[in-house]
Structure formats: C-alpha cells, structure tokens
Amino acid sequence: VAYDGSEYRDIYSTVDYWFTKGWYVGVYVFCMVAVAFHLWHGFASAFQTLGLNHMKYNPVINFVGKAFAIVVPALFAWIPLSMY
C-alpha cells in the first residue's frame, strides 16, 4: 500500500489471513495461556525481587497480579478467536 509516496505493508490483511487458520489460532491461544502462567508467577515475584514484600500489601499485590495474569492474556487471545 502506498501513502504519501511511501510504501507500507498491509499488516491487517496479514493478520486477517493468519487468523482464519484454525491451527494458527490454536497455537496463538496456547501461547497466551503460557503467558498467563508466566504472569501468574512473575507479577508478585517482581515485587518480592525489588524488596517490596510487606504483609500488609501482599494480598493486594497477589490479587492485582492474578487479575492481570488472567485479563491481559484473555483479551489478547480474544482477538484471534473473534476473527476466526
């Protein structure tokens, strides 16, 4: 696609092409599940590594981390599922 004399790739068409393939959507969703497991552990661990480990704040950090680990990968997985 050309715009103002510059050539640009049509990324939407590429994404649309690949997200119509069931095996690709399955791999993508599987990878988002892996990201969710990684975030499930990593969010609270990052605070602990930085020394921000306090009995008063740990429940909040754990709740926010688990919610983040579910919501963000789920929304990223929803994109190919909705396009399929």
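In this predicted model, F47 is partly exposed, because its relative accessible area of 28% lies between the 20% limit for buried and the 50% limit for exposed. F47 sits in helix α2, which covers residues 22–49. Residues up to four places away in sequence aside, F47 touches L52, N53 and I61. D16 lies elsewhere. F47 and D16 are 31 residues apart in sequence, and their C-alpha atoms are 38 Å apart in space.

F43 belongs to helix α2 as well. Its relative accessible area is 21%, so F43 counts as partly exposed, given that buried means under 20%. Its contacts, with neighbours within four places in sequence left aside, are I61, V64, G65 and F68. I61 thus appears in the contact lists of F47 and F43. The C-alpha atoms of F43 and V15 are 29 Å apart, for a sequence separation of 28 residues. F43 and V64 are 21 residues apart along the chain, and their C-alpha atoms are separated by 8.6 Å. V64 is placed in helix α3. V64 is partly exposed, with a relative accessible area of 40%.

Helix α2 was examined along its length. The 28 residues of α2 should span 40 Å at 1.5 Å a residue. The end C-alpha atoms of α2 are 39 Å apart, which agrees with that expectation. A kink of about 30 degrees is nevertheless present in α2, centred on G42. The buried residues of α2 are V25, M32 and A36. These buried residues pack against α3, residues 58–83. After α2 comes G51, whose phi is positive, near 85 degrees.

Helix α3 gives the other side of this packing. The 26 residues of α3 should span 38 Å at 1.5 Å a residue. The end C-alpha atoms of α3 are 38 Å apart, so expectation and model agree. The buried residues of α3 are I61, G65, A69, P73, A77 and P80. They pack against α2. Two of the residues in this buried set, I61 and G65, are also among the contacts of F43. I61 is in addition touched by F47. The partly exposed F43 and F47 therefore both contact a buried residue of α3, since I61 falls under the 20% limit.

Aromatic rings form a second theme. A search of the whole structure finds eight aromatic pairs. One of them joins W18 and Y24 in a tilted arrangement, with 5.2 Å from centre to centre and 40 degrees between the planes. F19 and Y24 also form a tilted pair, with centres 6.0 Å apart and planes at 40 degrees. Y24 thus takes part in the pair with W18 and in the pair with F19. The three residues were then compared for exposure. W18 is partly exposed, with a relative accessible area of 32%. Y24 is partly exposed too, at 29% relative accessibility. F19 is buried, because its relative accessible area of 7% is under the 20% limit. Ring pairs extend beyond these residues. They link Y17, W18, F19, W23, Y24 and Y28 into a cluster.

The overall build of the chain was considered last. The chain contains three helices and two strands. From the N terminus on, its elements run β-β-α-α-α. The radius of gyration of the chain is 19 Å, whereas a compact globule of 84 residues would have a value near 12 Å. Along the principal axes, the C-alpha atoms fill a box of roughly 55 × 35 × 15 Å. Of the 84 residues of the chain, 12% count as buried. The chain exposes about 6700 Å², and carbon and sulfur atoms supply 71% of that area. Among the contacts with a separation of 6 or more, 67% come from residues 24 or more positions apart. One such contact in the model is that of F43 with F68.

Technical notes:
Residues numbered from 1 in each chain as written. Predicted model: local features only at pLDDT ≥ 70, side-chain atom pairs only at ≥ 80, totals over all residues. Heavy atoms only, no water. Helix = DSSP H or I, 4+ residues; strand = E, 2+ residues; numbered from the N terminus. Buried < 20%, exposed > 50% of the residue type's maximum accessible area, 1.4 Å probe, protein only. Contact = heavy atoms within 4.5 Å. Phe/Tyr/Trp six-rings, centres within 6.5 Å; stacked < 30°, edge-to-face > 60°. Expected span 1.5 Å × (residues − 1). Bend = angle between axes of the 7 residues up to and from the residue. Rg over C-alpha atoms; globule rule 2.2 N^0.38 Å. Areas by Shrake-Rupley, 256 points an atom, 1.4 Å probe, with all protein chains shown as cover.
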